[in-house]
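Trainee: I have a fresh model open and would love to go through it with you. Shall we take it piece by piece?

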Amino acid sequence: MKKVAMKKNLFFVLPFCICALLPHEAVGQEMGGHQYDKPYINDGGGGALLGGYIDHELLWNREKKTFDQHRFIPFIHAEVNERIHVLAELEFEHGGVVKGSGESDGEIKIEFAALDIAFSEALTYRAGIILAPLGGFNLNHDSPLNDLTNRPLVAREIVPTTLSESGMGLFGTLYPGEVAVLDYELYVVNGFNGNAATSLRAGRGSLKSDNNEQKSLTGRVGYSPFLGLQMGGSFHVGAYDDAGSRRLGIYALDAVYSRGPFEARGEYATASVDGAEFDVRSGYYAQVGYHFLPGALEAFPNSICTASLRYDAIDLGSRDETRITFGFNWRPIEETVLKIDYETYEQDGDKSGLLLSVASYF
């Protein structure tokens, strides 16, 4: 019955596919680049640049009322020369690790650290701690980018964002037509570990060493046939258990479509885990947004407001979860956003409530 329900719920995603085929005017385009499209990177020449983002939240529901310094993420971009770059992201979550207190609920880790050698726009070699190109959200998960505070359920439990892995491979951008753009990423990585049998999030692999002698393969192809539509298909396959005999495969589809003040986005992912009690897991989200009141405040002539609605659903085999989020935000500038969301969410008790947050690149 759970799988039937998930299939029926896929009708929430169909409007995105239909909308993508409608006639349209040229609008803003969301393309790849990922680590190269951060606002702190400029055309100032060589050397090293420092930037990052910060987010802070207030959670207010029946179970919890608390402030959370959720993330502080410094970025480093060093241009060795015009074709060789070193990029890194260091993540401090929940204030980082507090020493001497007897306990810690924070975390410090490297989220991304890679050496890129560009032979051409169509072919760049990358090695290091790589942000897995699995789903569109994992590649574009920065808090200032997103109109809602919490990440989608599918981006936590099926594609365990943030999914960073040690490996190497290639990426690039091609132009198959006058306005069409195609970008790709393909990497060999360590892959998941044996914990993936019970939880994909807990099964994220080591950045230091693999738990078996097999390697995993992950990749994504993104295609924009015209300005305003970006579609992607991605995968992650390989052995996950210590013996290297059981396979894991995750497959995802994502799309973003914008026309004038309207925007629609969604992602679907499914996972198959050999030998697990619940060997098939899946989920998706569908989100719509409307941008309005540009430059409403004289002090912020580039400001914009956005109203958003998102529906989340996941099937983990052992349980189903759904969540509906209503959101409103105000951006004084594109890089900074103040958000207020209301979530209806029942899982291990009623966790419905308000989220107030602020996020900004720097």
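Trainee: Is Glu93 buried or exposed?

Mentor: Good place to begin, and keep in mind that this is a predicted model. The cut-off for buried is under 20% relative accessible area. Glu93 has 15% relative accessibility, so Glu93 counts as buried.

Trainee: Which residue forms a salt bridge with Glu93?

Mentor: Side chains of opposite charge can pair when their charged atoms come close. For Glu93, the closest N and O atoms of the pair are 3.9 Å apart, and the cut-off for a salt bridge is 4 Å. The partner, at 6% relative accessibility, also counts as buried. That partner is Arg71.

Trainee: Which strands does that pair tie together?

Mentor: Arg71 and Glu93 are 22 residues apart in sequence. Each of the two lies in a strand, so the salt bridge ties together separate parts of the chain. The strands are β3 for Glu93 and β2 (residues 65–81) for Arg71.

Trainee: How many salt bridges does the structure hold?

Mentor: Besides Glu93 with Arg71, there is one between Asp312 and Arg310, with 3.2 Å between the closest N and O atoms. Both Asp312 and Arg310 are buried. The structure holds 13.

Trainee: Which residues are linked with Arg310 and Asp312 in a network of salt bridges?

Mentor: Start from the pair itself, Asp312 with Arg310. Their network includes one further Arg and one Glu. Those two are Arg323 and Glu343.

Trainee: In the salt bridge of Glu321 and Arg319, which residue is partly exposed?

Mentor: The two side chains meet at 2.6 Å, N to O. Glu321 has a relative accessible area of 5%, so Glu321 is buried. With 30%, the partly exposed one is Arg319.

Trainee: Now the backbone. Which peptide bond is cis, with omega near 5°?

Mentor: Most peptide bonds are trans, which makes this one worth a look. Its second residue lies in the loop between α4 (154–157) and β6 (164–174). The bond runs from Thr161 to Thr162.

Trainee: What is the phi of His94?

Mentor: Most residues other than glycine have a negative phi. His94 sits in the loop between β3 (84–93) and β4 (107–120), and is partly exposed at 29% relative accessibility. Although His94 is not a glycine, its phi is positive, at about 55°.

Trainee: Where is Leu293, which has a positive phi of about 55°?

Mentor: Leu293 is not a glycine either. Its relative accessible area is 48%, so Leu293 is partly exposed. Its place is the loop between β12 (280–292) and β13 (304–315).

Trainee: Which residues touch the most other members of the largest nonpolar core?

Mentor: That core has 24 residues. α4, β10 (247–259) and β11 (262–273) each supply at least two of them. The residues you want are Ile158, Phe192, Leu200, Leu248 and Ile250.

Trainee: Which residues of a second, separate core can you name?

Mentor: This other core has six residues. Among them are Tyr40, Ile41, Tyr53 and Tyr361.

Trainee: How much accessible area does the nonpolar surface patch have together?

Mentor: Its members are Trp60, Val288, Leu309, Phe326, Phe328, Ile340, Tyr342, Leu354 and Leu356. β14, β15 (336–345) and β16 (353–361) each supply at least two residues. Leu356, for one, lies in β16 and is partly exposed at 35% relative accessibility. Together the patch has about 790 Å².

Trainee: With which side chain does Thr149 make a polar contact?

Mentor: Thr149 is in the loop between α3 (136–139) and α4, and is buried, with a relative accessible area of 10%. Leaving out residues up to four places away in sequence, Thr149 touches Glu57, Lys339, Asp341, Leu355 and Ser357. The polar contact, at 2.7 Å, is with the side chain of Ser357.

Trainee: Last one: how far apart in space are Pro332 and Phe300?

Mentor: Pro332 belongs to strand β14 (residues 320–333) and is buried, at 9% relative accessible area. Beyond its neighbours within four places in sequence, Pro332 is in contact with Phe300, Asn302, Ser303 and Leu338. Pro332 and Phe300 are 32 residues apart in sequence, yet C-alpha to C-alpha they are 5.6 Å apart.

Key:
Residues numbered from 1 in each chain as written. Predicted model: local features only at pLDDT ≥ 70, side-chain atom pairs only at ≥ 80, totals over all residues. Heavy atoms only, no water. Helix = DSSP H or I, 4+ residues; strand = E, 2+ residues; numbered from the N terminus. Buried < 20%, exposed > 50% of the residue type's maximum accessible area, 1.4 Å probe, protein only. Contact = heavy atoms within 4.5 Å. Patch = residues over 30% accessible without salt bridge, like charges linked within 9 Å, V, L, I, M, F, W, Y side chains within 5 Å. Areas by Shrake-Rupley, 256 points an atom, 1.4 Å probe, with all protein chains shown as cover. Core = buried A, V, L, I, M, F, W, Y, C linked by side-chain atoms within 4.5 Å. Polar contact = N/O pair within 3.5 Å; in protein donor to acceptor, adjacent residues only side chain to side chain.
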